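Biologist: I have a model open and would like to know what lies behind the words used for it. Could you take me through the reasoning?

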2 protein chains.
Amino acid sequence: MVKAAVLGYGTVGSGVVQVIEENSDVIAAHGVDMHVKYILDLRDFPGDKYESLVTHDFEDIIKDDEVKVVCEAMGGVEPAFTFSKRALEAGKSVCTSNKELVAAKGAELMRIAKENNANYLFEASVGGGIPILRTINDALTAERIECVKGILNGTTNYILTKMEREGADFDVVLKEAQDKGYAERNPEADVEGHDACRKMAILVSLISHRRADWEQIRTEGITKVTPVDFKYAHKLGRTIKLIAMCQKTDKGFYAIVSPRMIDKDDPINCAQDVFNAVLVRSDMLDDSLYYGRGAGKLPTASAVVGDAVELAKHVGEHFSAGWSEEAENLVDIDSVEFSYFVRLGGSFADRRDELTASFGEVSEVNAGVEGEFGVITKPVSEGSFRTAYEKLTDTKGYIRIG
Amino acid sequence: MVKAAVLGYGTVGSGVVQVIEENSDVIAAHGVDMHVKYILDLRDFPGDKYESLVTHDFEDIIKDDEVKVVCEAMGGVEPAFTFSKRALEAGKSVCTSNKELVAAKGAELMRIAKENNANYLFEASVGGGIPILRTINDALTAERIECVKGILNGTTNYILTKMEREGADFDVVLKEAQDKGYAERNPEADVEGHDACRKMAILVSLISHRRADWEQIRTEGITKVTPVDFKYAHKLGRTIKLIAMCQKTDKGFYAIVSPRMIDKDDPINCAQDVFNAVLVRSDMLDDSLYYGRGAGKLPTASAVVGDAVELAKHVGEHFSAGWSEEAENLVDIDSVEFSYFVRLGGSFADRRDELTASFGEVSEVNAGVEGEFGVITKPVSEGSFRTAYEKLTDTKGYIRIG
């Protein structure tokens, strides 16, 4: 029997305990007999089914040689980093849902895991319950991955889905999402794209085998998206999603997180409401897509436990892939070309020459909105687009196409 | 270095050789140094890049202790079964894209693999390049899987997609698909649902851990679907797909392959043209979906090679999950309830009482088609529906809902 310890008894941590204990028969059918021996939390949980497992002292876990698997569900960099590091140094394998920690210190923890014949897994840190990291690591092993394009944040996808269906403003839908518990009281990490950005940094690192710095990824959130933007999108047979993507080029990977006008028939548009989806383009398989719940107690816990089962199968044996501490230098996003949808005041007839001078040939998008119009540019480099856009007067926003 | 043999140098087999050799650097990055030592085929391939690897004699492969991995891409039950069995008995692991063989003899080959510390993998037999079996086996290890619902046949999905978009008849689109090479000259296995049925039998076996007999799965193809059916579907905000599904009940699993009217917003509807998609519903994760190319030389070969890489990592060590030779008794489909869309001649007003007597309460679907109308039933058991349907006069077909 493998004994596990769960660090943190919040939403994800309590889900992890629930999944391990309630589905222990399912896990056993996969050849693993696993139970939780400790739950680390500062709090007590009187009356909780598992209250007898709670300890306040991490030393109980570290000193117990029976504990082979540690499920870290604390969130944040500290003390999660210190505890994960010490567990790995003690030869215990660690799995986590903690994207901040993986994005910040993942490479170091992977190295420590290797040095100690242990493993560090983090499936739940990207796409919640969707087995996307495992697919990239273990299934697409004969594939040269060229592009990953994901809806990686459930909160913003819920907001955009609602805005589209109800024609409501961002602020109104955000408040509703907060009331329902789909968005945090401080929603910045979600709505400004930081959460999706960290997840994309993890994906780029996994694919390139080198540490990608999330701070190098240009990140725009959804706070400027309006119902009027959706009118134009619909006119074009498109919708608007917060897309995190990376793409291989001759010079390496570029990565960007931003709202995009995607085709309504794009398979990634199957992700509505809080669902996530990740499309992977690779050289032999072409497009494949993975869809599911990107957050929530049990879906996230399920991914953590899936990792724990894998760790339990490989006690004392290092097997996990990952990336080195060497930096992956992302391609300067200003050199990458996109097509842009741009909204402007006035009329297309009056401003056509000005816009052609700024962006090259453009085509009009008329969604019947009073006092303004839209255009779509041909592919132009991000840097030259932004320089030209900033020089224009009476602009009303832009969104990248595709 | 691990040496592989490829049995059969047709479409898939030549793809397997291409993927292993052209992407050997990618595979090496996953820790596996693998090359093809033999290609078994009755034919010679003068001028082919790999002609020097071709042998006509299976004994060359069996006798060569250097060959640890055998990729079977022959198709059909014999001689693929005999060769696979002998390879496993010799302690060589085998991977395959051969769904007929896996559905017919999979359990026996898995047992022989286990007895010889070898493994038998068959990712490519279901969903082509989509890593669905690996996801079920290795990722959803903490999940109680309740339902699998898939678009598992690319040919029929291509035909239905075309019929929907162009309002064309089945026969016309089938001929076009044959001309393009998307459908076989003898299309029965695809259009009658037999191919999807075998794939569903493999999925049920994998989930239940016992051998499900494909002959027990009620299977209806798409030959009776017409452009008029799509008119009704659109009226209902739905489309028509060939769906293979299994569902857990108190009494075990039922399984069925048939055209279904699914909601246009159903995530599985992301699979257009030749693409496949599989939706898995499980107790902790809820819905997850896996999408990609379900056929084709390189996507299928990629899945075979993904298995080969896994086999190469575990030479001499049995690890693969599977199912026993004991039969899984599927629930009698006649006892399962569905809602049905039914087309009938005449008018709803005239026939309402007759239909209510047959099916219980029904609701009309008026798609403005001259001389006929449609109804939707409440959930009724398949057995009682079919008995009642056969007693009706002037019927024009039925399609299950959802």
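Modeller: Gladly, and let us begin with symmetry. In this predicted model, chain A is superposed on chain B by a rotation of 180 degrees with 0.0 Å of shift along its axis, at an RMSD of 0.0 Å.

Biologist: What makes the two copies related as by a two-fold rotation axis?

Modeller: The turn is 180 degrees and the shift along the axis is 0.0 Å, so the two copies are related as by a two-fold rotation axis. Of the residues of chain A, A:Tyr290 comes closest to that axis, with its C-alpha at 2.4 Å.

Biologist: How do you know that the copies meet through the same surface?

Modeller: Of the interface residues of chain A, 100% are also interface residues in chain B, so the surface is the same in both copies. As for the counts, 39 residues of chain A are in contact with 39 residues of chain B, where contact asks for C-beta atoms within 7 Å.

Biologist: Which elements of chain A each supply at least two residues of the side that touches chain B?

Modeller: They are helix H2 (24-29), helix H6 (132-139), strand E13 (286-293) and helix H12 (297-313). E13(A) gives the most, with eight residues. The residues on this side of chain A divide into 22 nonpolar, ten polar and seven charged.

Biologist: Why are E13(A) and E13(B) called paired?

Modeller: Pairing needs at least two bridges between the strands. E13(A) and E13(B) are joined by three and run antiparallel, so by that cut-off they pair. In this pairing A:Tyr290 stands opposite B:Tyr290, and A:Tyr290 is also the residue of chain A that comes closest to the rotation axis.

Biologist: Now the sheet inside chain A. What makes E3 and E6 its edges?

Modeller: The sheet is open, its six strands pair in the parallel sense, and their order is E3-E2-E1-E4-E5-E6. Strand E3 (54-55) and strand E6 (120-121) each have a single partner strand, so one side of each is left without a neighbour in the sheet. Within the sheet, strand E4 (67-72) and strand E5 (93-96) of chain A are joined by four parallel bridges, and A:Val70 stands opposite A:Val94 there. Helix H1 (residues 11-22) of chain A packs on this sheet, touching E1, E2 and E4, and its direction makes about 160 degrees with that of E2(A).

Biologist: Over in chain B, how do you know that strand E1 is largely enclosed by the rest of the structure?

Modeller: A residue is buried if 20 or more other C-beta atoms lie within 10 Å of its own. Five of the six residues of E1(B), residues 2-7, are buried, so the strand is largely enclosed. E1(B) is joined to E2(B) by six parallel bridges, with B:Ala5 and B:Tyr38 as bridge partners. E1(B) also pairs with E4(B) in the parallel sense over five bridges, and B:Leu7 stands opposite B:Glu72 in E4(B).

Biologist: What makes A:Met200 and B:Met200 stand out in the largest nonpolar core?

Modeller: That core has 272 residues, and A:Met200 and B:Met200 are those with the most contacts inside it. Leaving aside neighbours within four places in sequence, B:Met200 is in contact with residues including B:Leu152, B:Ile217 and B:Val257.

Biologist: Why are A:His209 and A:Asp273 called partly exposed?

Modeller: The term covers residues between the two limits, exposed at 12 or fewer other C-beta atoms within 10 Å and buried at 20 or more. A:His209 has 13, so it is partly exposed. A:Asp273 has 14, so A:Asp273 is partly exposed as well.

Biologist: What is unusual about their backbones?

Modeller: Most residues other than glycine have a negative phi. A:His209 has a positive phi of about 65 degrees and lies in the loop between helix H10 (194-208) and strand E8 (210-211) of chain A. For A:Asp273 phi is near 55 degrees, again positive; this residue is found in the loop between strand E11 (252-263) and strand E12 (275-282) of chain A.

Biologist: And which kind of peptide bond runs from A:Glu78 to A:Pro79, cis or trans?

Modeller: That bond is cis, with omega near 5 degrees, whereas most peptide bonds are trans. A:Pro79 is found in the loop between E4 and helix H4 (80-89) of chain A. In chain B the bond from B:Glu78 to B:Pro79 is cis too, with omega near 5 degrees.

Key. Residues are numbered from 1 along each chain as its sequence is written. Chains are lettered from A and ligands numbered from 1 in the order in which they are written. This is a predicted model: local features need pLDDT of at least 70, side-chain atom pairs count only at pLDDT 80 or more; totals for chains, interfaces and linings use all residues. Two residues are in contact if their C-beta atoms, placed from the backbone, lie within 7 Å. Ala, Val, Leu, Ile, Met, Phe, Trp, Tyr, Cys and Pro count as nonpolar, Asp, Glu, Lys and Arg as charged, and the others, Gly among them, as polar. Copies are superposed by least squares on the C-alpha atoms of residues with pLDDT of at least 70 in both. Axes are lines fitted to C-alpha atoms, for helices over the stretch in contact, and angles run from 0 to 180 degrees between N-to-C directions. A nonpolar core is a set of buried Ala, Val, Leu, Ile, Met, Phe, Trp, Tyr and Cys residues joined through C-beta atoms within 7 Å.
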